Amino acid sequence: MSDKVITRFAPSPTGYLHIGGARTALFNWLYAKHTGGKMLLRIEDTDQARSTEGAILAILDGLRWLGLDWDGEPVYQFTRAERHRQIAEQLLAQGNAYRCYASPAELQAMREKARAEGRAPGYDGTWRHRDLSEAPSGIAPAIRFKAPGDGETVIEDQVQGRVVFANKDLDDLVILRSDGTPTYNLSVVVDDHDMGITHVIRGDDHLTNAARQTQIFKALGWDTPIYAHVPLIHGPDGAKLSKRHGALGVEAYRAMGYLPDALRNYLVRLGWSHGDSEIMSTDEMIQWFDLGAIGRSAARFDFAKLENLNGHYLRAAPDAELVARLKALVPELPDGAALLERIDADGWSKLQRAMPGLKERAKTLVELLDSAAFLFATRPLALDGPASKLLDGPGRDMLAALLPRLEGVRPWTQAGLEAAVRGFAEETGQKLGKAAQPLRAALTGRSTSPGIFDVLEVLGREESLARIGDQCVQKNLLNF
RNA sequence: GCCCCCUUCGUCUAAUGGUUAGGACGUCAGGUUUUCAACCUGAAAACAGGAGUUCAAUUCUCCUAGGGGGUACCA
């Protein structure tokens, strides 16, 4: 086998692809790309009771959406159970494992005793030396790994540095359950070996497992992979990421209107950096990424920074791409179905034409869509508070005076419209804003929008004049 | 309880045995401006605490505190 780097992303399908998992996948992907190696995908579904088909799909979707592709077909760990069982038997035959008949109650008592005595809690090794003739009948045994009782197990971690565990603190773990299914720590070792994994990049929460797994690797006479344990991501308050914070699936970020490029850029900078570089292309990430520059402390998730990055990527994205993303996103939104009905082909075309002015002002696609509401609104427009205030008093009179001027603009272009409105403002001795704001209110129903000439042009001559006219009529009705 | 890890502006981070401790987000103040954004300029803002090593520690060592992870016949 060559010395090519092979990493793996190995989620357990008990939920969606959460943000920490997404970053782990990103790091594995980047390291593989950086070294010209491969990233494999392994679904760790040995706990069949908790694994679901839906979770598997969510994880694959999440990875695809983020643009993180893997090499070859995903490996489903459960399908390899027979191989794992064989290795457990081999360990048993070698004298590196033994059958354990302890009951759950006995195990519980052991843990409590150890704890009371200030020792590391865990299995006390009762069945390690006990004769099989003493085995209770009718009880299926589990197989435990015979962990070294003394000495040390050392992890030369690429992120954490040299981490030393005293073997006395690592007990004899179960590698094969009494029902014959393998446990995580055995499966991981066998699969990492069989898949030729050279680098294990995963969450910090697996650091102790790295020690246990190292012991199993050694008992099997296999080389251990190189480890890199990445600190976990915390919520804004520094506590463990919960659903309340950002521990959402990546599909939730998609639904909130974040762009995959932005999320990737945000995640790569969470715990890793390259000098002062903040915004970087995928190629740059690949070129610069390395394990040594990963920080050792946990990072807090900061939505404000994500939003800032998202705004940047939004502005940089081609208009057509944003329209396409919006088309895909709308049906997933709370009122998406209703909104979708109101946007016809002409609506999508208007959206595309208004995009330069819209994307400049939005932090997320959801925000962008909201600010585009005036494009799909039907007359007479509903005015929000600030907008109706703009039209109170002189606002409507101004519009009534401006309306004929606009009617005279031909062709209906931004330049012509701007000249007309500016000319009107000058002649009437007002600042442009005095005319622009009521106009904005009449055309969009709000006090903020893209540039007003932009709005006029996108809306078109007929619709624009009608919306302005609506406000003048209202004025007249009030007066009579 | 026991084991392991971590600690630089509010947040993400950079750097260094001697620096005005840098950048980004956010915040605040200006500028620009048809609104809002964007953009430009500027400001406030950090080496957790205590010992030790050293001519000199944010940087090296130890202790304390705080945070996190693990401690399953879960992964």
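**Exercise 1.** In which helix is Leu-326 found? Decide whether Leu-326 is buried or exposed, and give its distance to Trp-348.

*Solution.* The structure is a predicted model: local features need pLDDT of at least 70, side-chain atom pairs count only at pLDDT 80 or more, and totals for chains, interfaces and linings use all residues. Residues are numbered from 1 along each chain as its sequence is written, while chains are lettered from A and ligands numbered from 1 in the order in which they are written.

Step 1: Leu-326 is found in helix H12, residues 319-329. Helices (H or I, at least four residues) and strands (E, at least two) are DSSP runs, numbered from the N terminus.

Step 2: apply the burial rule. A residue is buried if 20 or more other C-beta atoms lie within 10 Å of its own, exposed if 12 or fewer, and partly exposed in between, with C-beta atoms placed from the backbone. Leu-326 has 22 other C-beta atoms within 10 Å, so Leu-326 is buried.

Step 3: Leu-326 and Trp-348 are 22 residues apart along the chain, and their C-alpha atoms are separated by 9.6 Å.

**Exercise 2.** Classify Asp-47 and Arg-410 by the burial rule, and place each in the chain.

*Solution.* Step 1: Asp-47 lies in the loop between strand S2 (38-43) and helix H2 (53-66). Asp-47 counts as partly exposed because it has 15 C-beta neighbours inside 10 Å. The C-alpha atom of Asp-47 is separated by 71 Å from that of Pro-394, 347 residues apart along the chain.

Step 2: Arg-410 is found in the loop between helix H18 (394-407) and helix H19 (414-427). Its 8 C-beta neighbours inside 10 Å make Arg-410 exposed. From Arg-410 to Ser-51 the C-alpha distance is 65 Å, with their positions 359 residues apart in sequence.

**Exercise 3.** Which residues does a cis peptide bond join, and where does each proline lie?

*Solution.* Step 1: a cis peptide bond joins Arg-379 and Pro-380, with omega about -10°. Pro-380 is found in the loop between helix H16 (373-376) and helix H17 (385-391).

Step 2: a cis peptide bond also joins Arg-410 and Pro-411, where omega is about -5°. Pro-411 is placed in the loop between H18 and H19.

**Exercise 4.** Describe the unit made by S9, H7 and S10.

*Solution.* Step 1: strand S9 (residues 199-203) and S10 pair in the parallel sense over five bridges. Two strands pair if DSSP finds at least two bridges between them. Arg-202 stands opposite His-229 in S10, and Gly-203 opposite Val-230.

Step 2: S9, H7 and S10 make a right-handed β-α-β unit. A crossover is right-handed if, with the strands pointing away from the viewer, the path from the first strand over the helix to the second runs clockwise.

Step 3: check the burial of both strands. Four of the five residues of S9 are buried. Strand S10 (residues 226-230) has four of its five residues buried, so S10 is largely enclosed by the rest of the structure.

**Exercise 5.** What is the strand order of the open sheet that contains S5?

*Solution.* Step 1: three strands form the open sheet in the order S4-S5-S8, with antiparallel pairing. The edge strands are S4 (97-100) and S8 (174-176), each pairing on one side only.

Step 2: S4 and S5 (residues 142-145) pair over four bridges. Phe-145 in S5 is the bridge partner of Ala-97.

**Exercise 6.** Check the span of H4, then describe the surface near RNA strand B.

*Solution.* Step 1: the expected span of a helix is 1.5 Å times one less than its number of residues. The 13 residues of H4 should therefore span 18 Å, and this agrees with its end C-alpha atoms, 18 Å apart.

Step 2: H4 is hardly covered, with zero buried residues among its 13. Just after H4, Gly-118 takes a positive phi of about 75°.

Step 3: H4 (104-116) and H7 (207-220) are among the elements that each supply at least two residues of the surface near RNA strand B. A residue is near a molecule or strand if its C-beta atom, placed from the backbone, lies within 6 Å of it. Of the 66 residues around RNA strand B, Ser-12, Glu-44, Arg-177, Tyr-184 and Ser-297 come nearest.

Conventions: Ala, Val, Leu, Ile, Met, Phe, Trp, Tyr, Cys and Pro count as nonpolar, Asp, Glu, Lys and Arg as charged, and the others, Gly among them, as polar.
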